[in-house]
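Trainee: I am new to this structure. Please go through the terms with me and show how each one is applied.

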Amino acid sequence: MIKKEVEKILGYVQKPARYVGGELNSVVKDKSSVDIRYAFCFPDTYEIGMSHLGLKILYGMINEREDAWCERVFAPDIDMEEQMRKHNIPLYALESGDCLTEFDIIGFTLQYELCYTNVLNMLDLAGIPLFSRDRDDSFPIICCGGPCACNIEPMADFFDIVFLGEGEDSTSAALDLLKECKRNGATKAEFLQKAKDIQGVYVPSFYVDSYNEDGTLKELIAINGAPERVKKAVVSDLNKSYYPDKFVVPFIQVVHDRAVAEIFRGCIRGCRFCQAGFIYRPIREKSVDVINKQSKAVVEATGYDELSLCSLSTSDHSCVNEMLTSLIDWTVKEKINLSLPSLRVDNFSDELVEKLKLVRRSGLTFAPEAGTQRMRDVINKNITEDDVMATCTKAFDNGWSSVKLYFMMGLPTETMEDIEGIANLAMNVVHAFYKNPNRQKGTGVQVSVSCSSFIPKPFTPFQWEPEDSMEVLKEKQKHLLESIPSRKVRVSYHETPSSLLEGVFARGDRRLSAVIYDAFKSGCKFDSWDEHFKFDEWMKAFEKNGIDPYFYTLRKRPFDELLPWDHIDFGVSRKFLENENKKAHAAVVTPHCRIKCSGCGANKLNGGNCDARN
């Protein structure tokens with residue numbers, strides 16, 4: 001419900017449709033008839049936030065409750081924020097137009113470390129004190145979740161509670177508790193005391209940190225009866241868990257403007273750099289029937305003409321061919337484009353190719369991740385160059401002429417020879433196209449190489465590894481460009497200053513909260529956007545607080561060092577990660593989960609169950 005004061009400023013901003021609400025399938029309730037009001041905050045622009053599956057799931061799940069109302073809040077772009085501050089308009093939710101201070105609980109999803117200053121900016125726009133210690137019982141409970149929550153320590157001073165792992169069950173339990181506490185007139189402190197006992201809920205203020213003389217973490221002691229280790233929440237049965245039968249359909253085009261079907265969680269592969277592959281374990285699949293039913297419901301309720309399958313590795317679903325057959329049966333008839341991201345080069349079968357030929361043709365994307373076999377063994381990619389070439393040749397045989405290859409740069413033990421390997425592999429794909437007698441005549445090939453900077457992340461075998469300096473990354477980027485002789489290969493890569501910041505916050509501790517606060521006060525926001533990133537202001541914030549950012553990035557950590565996230569249990573055992581790190585330095589691979597269970601331990605949080613073991 002757009003309010004008059006907001007309506008007056010919309011003529012002064014680009015894309016006013018971001019700020020008005022009222023879209024198809026958005027939920028409006030009578031606020032006097034609900035017990036709990038929940039503001040789901042996405043700390044980036046509307047177009048990015050509206051593409052996020054987690055928002056769609058929690059928005060639908062909470063609004064299915066008669067006693068709760070979930071509304072959406074996005075970070076206003078620079079022009080809108082300027083108008084809001086000029087006219088004293090606080091940050092508001094799209095459905096009701098109400099300021100965030102009128103809600104019971106405000107939840108942020110943290111998808112990326114460079115969104116942290118946006119969280120503070122959104123709270124500030126709403127007139128809410130930033131530090132949890134400064135908020136009395138008159139303010140909402142401020143919480144967060146998402147992948148960055150697995151090491152929330154750099155942001156710990158700002159949140160009352162943190163949801164670890166999958167939020168469906170823990171969010172429901174927290175809302176039930178909050179409703180009970182409101183009814184009984186309980187204080188926020190009393191709510192937090194009870195919330196700490198919900199699996200997947202972490203209360204940062206119940207843990208006290210101290211440091212050694214060398215700057216490393218000495219202790220993180222639990223107080224107030226909090227558990228020494230906090231376990232993440234896991235949804236046991238995806239077939240029975242909540243999934244929305246409709247999505248809010250935006251008025252404007254968003255980043256992923258299509259229907260989405262989640263097909264499984266977790267990953268069987270164990271790539272040693274990949275945080276998602278470990279923190280979303282154990283493997284849990286949806287059945288083909290459930291995937292079909294949910295896909296049809298969302299397409300019918302939204303009118304989208306594209307359906308995307310969501311997982312970390314689509315072709316690793318154990319019934320992928322049966323699933324695609326059943327989906328194609330109705331998507332082709334109804335002219336629905338079926339999008340299959342996250343394909344693997346080592347299971348790109350003839351049967352899969354035949355299925356793909358029935359859906360709308362687009363470029364194929366694969367992720368070799370490294371250019372040499374030694375490097376692929378280090379990261380446990382478990383594919384060979386022959387796999388890559390056979391897959392690309394098969395694609396060219398069947399009419400494709402565009403391939404995108406994802407690589408990482410700055411991986412542990414990487415040399416300039418490995419960087420040259422990226423260029424060589426890309427050129428070999430080009431040569432394979434022109435050598436192919438079955439290629440489309442009169443067409444050229446386009447090979448896109450996307451090269452991201454490796455950032456060591458918590459809960460991976462590389463969590464102890466140093467990160468390449470900005471200078472070294474720039475040398476490697478320059479060497480890659482010099483190693484590619486053809487315009488048939490296009491190269492893109494990430495800027496290095498933002499990679500430094502991402503690396504600091506990925507493995508940082510609570511001392512960084514002061515840095516984030518000072519950077520925000522200096523005008524830092526939208527740090528993941530090159531045009532807004534203020535590297536110099538960040539460096540001043542580190543200097544002001546006496547913190548060396550390179551302490552967090554350039555230093556190799558010994559196995560016996562206490563890490564800021566060691567009190568968090570995401571299932572995968574520390575010993576398993578240590579062993580995988582040692583195997584990486586020996587360039588020894590670990591078979592994927594369906595070949596042999598490697599005993600990572602993640603299934604212990606799911607009653608011993610893991611679909612990869614069946």
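Mentor: A search of the whole structure finds 50 salt bridges. This is a predicted model, in which local features need pLDDT of at least 70 and side-chain atom pairs count only at pLDDT 80 or more, while totals for chains, interfaces and linings use all residues. Residues are numbered from 1 along each chain as its sequence is written, and side-chain values use heavy atoms, with hydrogens and water left out.

Trainee: Why is the contact of Glu47 and Lys15 called a salt bridge?

Mentor: The term requires a side-chain nitrogen of Lys or Arg within 4 Å of a carboxyl oxygen of Asp or Glu. For Glu47 and Lys15 the N to O distance is 3.0 Å, so the pair qualifies.

Trainee: What makes this pair a tie between parts of the chain?

Mentor: Glu47 lies in helix H2 (residues 46-49) and Lys15 in the loop between helix H1 (4-9) and strand S1 (36-42), so the salt bridge ties together parts that are 32 residues apart in sequence. Helices (H or I, at least four residues) and strands (E, at least two) are DSSP runs, numbered from the N terminus.

Trainee: How do you know whether Glu47 is buried or exposed?

Mentor: Buried means under 20% relative accessible area, exposed over 50%, and partly exposed in between (1.4 Å probe, protein chains only). Glu47 has 8% relative accessibility, so Glu47 counts as buried. Lys15, with a relative accessible area of 44%, is partly exposed.

Trainee: How do Arg555 and Glu561 fit these terms?

Mentor: Their side chains meet in a salt bridge at 2.8 Å, N to O. Arg555 is partly exposed at 22% relative accessibility, and Glu561 is buried at 10%.

Trainee: What is the order of the strands in the open sheet?

Mentor: The six strands run S2-S1-S3-S4-S5-S6, with mixed pairing. Strand S2 (68-74) and strand S6 (201-202) are the edges, because each has a single partner strand, and one side of each is left without a neighbour in the sheet.

Trainee: Why are S5 and S6 called paired?

Mentor: Two strands pair if DSSP finds at least two bridges between them. S5 and S6 have two bridges, in the antiparallel sense, so the condition is met. Phe163 stands opposite Val201 in S6.

Trainee: Which residues does Phe159 touch?

Mentor: Contact means heavy atoms within 4.5 Å. Not counting residues up to four places away in sequence, Phe159 touches several residues, among them Phe108, Leu110, Val119 and Pro204.
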